Amino acid sequence: MTMAHDDPILAALVYSTGEGAVMGRLAEAALGLGLDVAGMIQHDERRPDRRRCDMTLVDLGSGRKIPLSEDRGKDTRGCRMDHAALEEAAGLALAALSGETLPDLLVLSKFGKREIEGHGFRQVVERAVELGVPLLVGVTADHVEGFRAFGGGLEQVVETVEAAAALIEDLARTKTARDAA
């Protein structure tokens, strides 16, 4: 991978649970600092009659919601992810990197098994890197090594929300300085 940006950010925040809420708050903080933010945030909805929550992806640009869980009944075990919906969401996120004006930051809730295998948001992350668009993504401890292998030395892994927020603040300062020049 080659980087087009002078000071690239390919960062992952290690999370344990609730990545959508955490990444959503970080995206809101970036917007509050004046950054143009694109990406997808996962929202989990608990249903009292189900063992597992329903997952929905929300596009930060349009607010469009894409249901990510297949409803296979209340006693379903195993993966319930609708892979076609995930690919649809990835296509929508990729479109945010296709315009004349690129976002200042791309935020994705998750870089997981599907991305490590070359699916899901993998192409979106690759395109952001190619274009030099800073990226912040959530990753579980189980997938950090897969993220590092993908990043090839360009990645940065942070362990706390505060460290991720500091990256966003630095990005906003750099943008402000560049815009003022």
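Buried means under 20% relative accessible area, exposed over 50%, and partly exposed in between, with a 1.4 Å probe and protein chains only. Helices (H or I, at least four residues) and strands (E, at least two) are DSSP runs, numbered from the N terminus.

The model is predicted: local features need pLDDT of at least 70, side-chain atom pairs count only at pLDDT 80 or more, and totals for chains, interfaces and linings use all residues. Residues are numbered from 1 along each chain as its sequence is written, and side-chain values use heavy atoms, with hydrogens and water left out.

**Figure 1. The chain as a whole has six helices and seven strands.** Along the sequence, the pattern is β-α-β-β-β-α-β-α-α-β-α-β-α. The protein chain has 181 residues, and 44% of them count as buried. Contact means heavy atoms within 4.5 Å. Among contacts between residues at least 6 apart in sequence, 67% join residues at least 24 apart. The accessible surface, from the Shrake-Rupley method with a 1.4 Å probe, comes to about 9400 Å². Carbon and sulfur atoms account for 49% of that surface.

**Figure 2. Seven strands form an open sheet.** Two strands pair if DSSP finds at least two bridges between them. The strand order is 4-3-2-5-6-1-7, with mixed pairing. Strand 4 (65–67) and strand 7 stand at the edges with a single partner strand each, so one side of each has no neighbour in the sheet. From one strand to the next, the twist averages 25°. Axes here are lines fitted to C-alpha atoms, for helices over the stretch in contact, and angles run from 0 to 180 degrees between N-to-C directions. Strands of a sheet pair through backbone hydrogen bonds, either parallel or antiparallel.

**Figure 3. Strand 6 (residues 135–140) is covered on both faces.** Six of its six residues are buried. Leu135, Val137 and Val139 lie on one side, and Leu136, Gly138 and Thr140 on the other. In a regular strand the side chains alternate between the two faces of the sheet. Strand 1 (residues 10–15) runs parallel to strand 6 and is joined to it by six bridges. Strand 5 (residues 105–108) also runs parallel to strand 6, through three bridges. Leu136 has Ala11 opposite it, and Val107 also stands opposite Leu136. Ala11 in turn stands opposite Gln156 in strand 7. Three bridges join strand 1 to strand 7, and these two run parallel.

**Figure 4. Two helices lie across the strands.** Helix 2 (residues 83–95) crosses strand 2 (37–45), strand 3 (54–59) and strand 4. Its angle to strand 4 is about 160°. Helix 4 lies across strand 1, strand 5 and strand 6, and runs at about 160° to strand 5.

**Figure 5. Helix 5 (residues 144–151) has a buried side.** Val144, Phe147, Phe150 and Gly151 are its buried residues. Seen down the helix axis, they fall within an arc of 120°, so they line one face. The arc is that of the directions from the helix axis to the C-beta atoms. The face turned away carries the exposed residues Glu145 and Ala149. Cover for the buried residues includes strand 1, helix 3 (113–116), helix 4 (122–131), strand 6 and strand 7 (156–158). Phe150 has a relative accessible area of 8%. Its C-alpha atom is separated by 7.4 Å from that of Ile116, 34 residues apart along the chain. Just after helix 5, Gly152 takes a positive phi of about 55°.

**Figure 6. The largest nonpolar core holds 31 residues.** A nonpolar core is a set of buried Ala, Val, Leu, Ile, Met, Phe, Trp, Tyr and Cys residues joined through side-chain atoms within 4.5 Å. Met40, Leu106, Leu108, Phe121, Val124 and Phe147 touch the most other members. Strand 1, strand 2, strand 3, helix 2, strand 5, helix 4, strand 6 and helix 5 each supply at least two residues. Helix 2 gives the most, with five. Not counting residues up to four places away in sequence, Met40 touches residues including Leu57, Ile66, Ala89, Leu92, Val107 and Phe121. Apart from this core lies another, of 20 residues, among them Val22, Val107, Ala164 and Leu167.

**Figure 7. Thr56 lies in strand 3.** Thr56 is buried, with a relative accessible area of 19%. Not counting residues up to four places away in sequence, Thr56 touches Ile41, Gln42, His43, Lys65, Ile66, Pro67 and Leu68.
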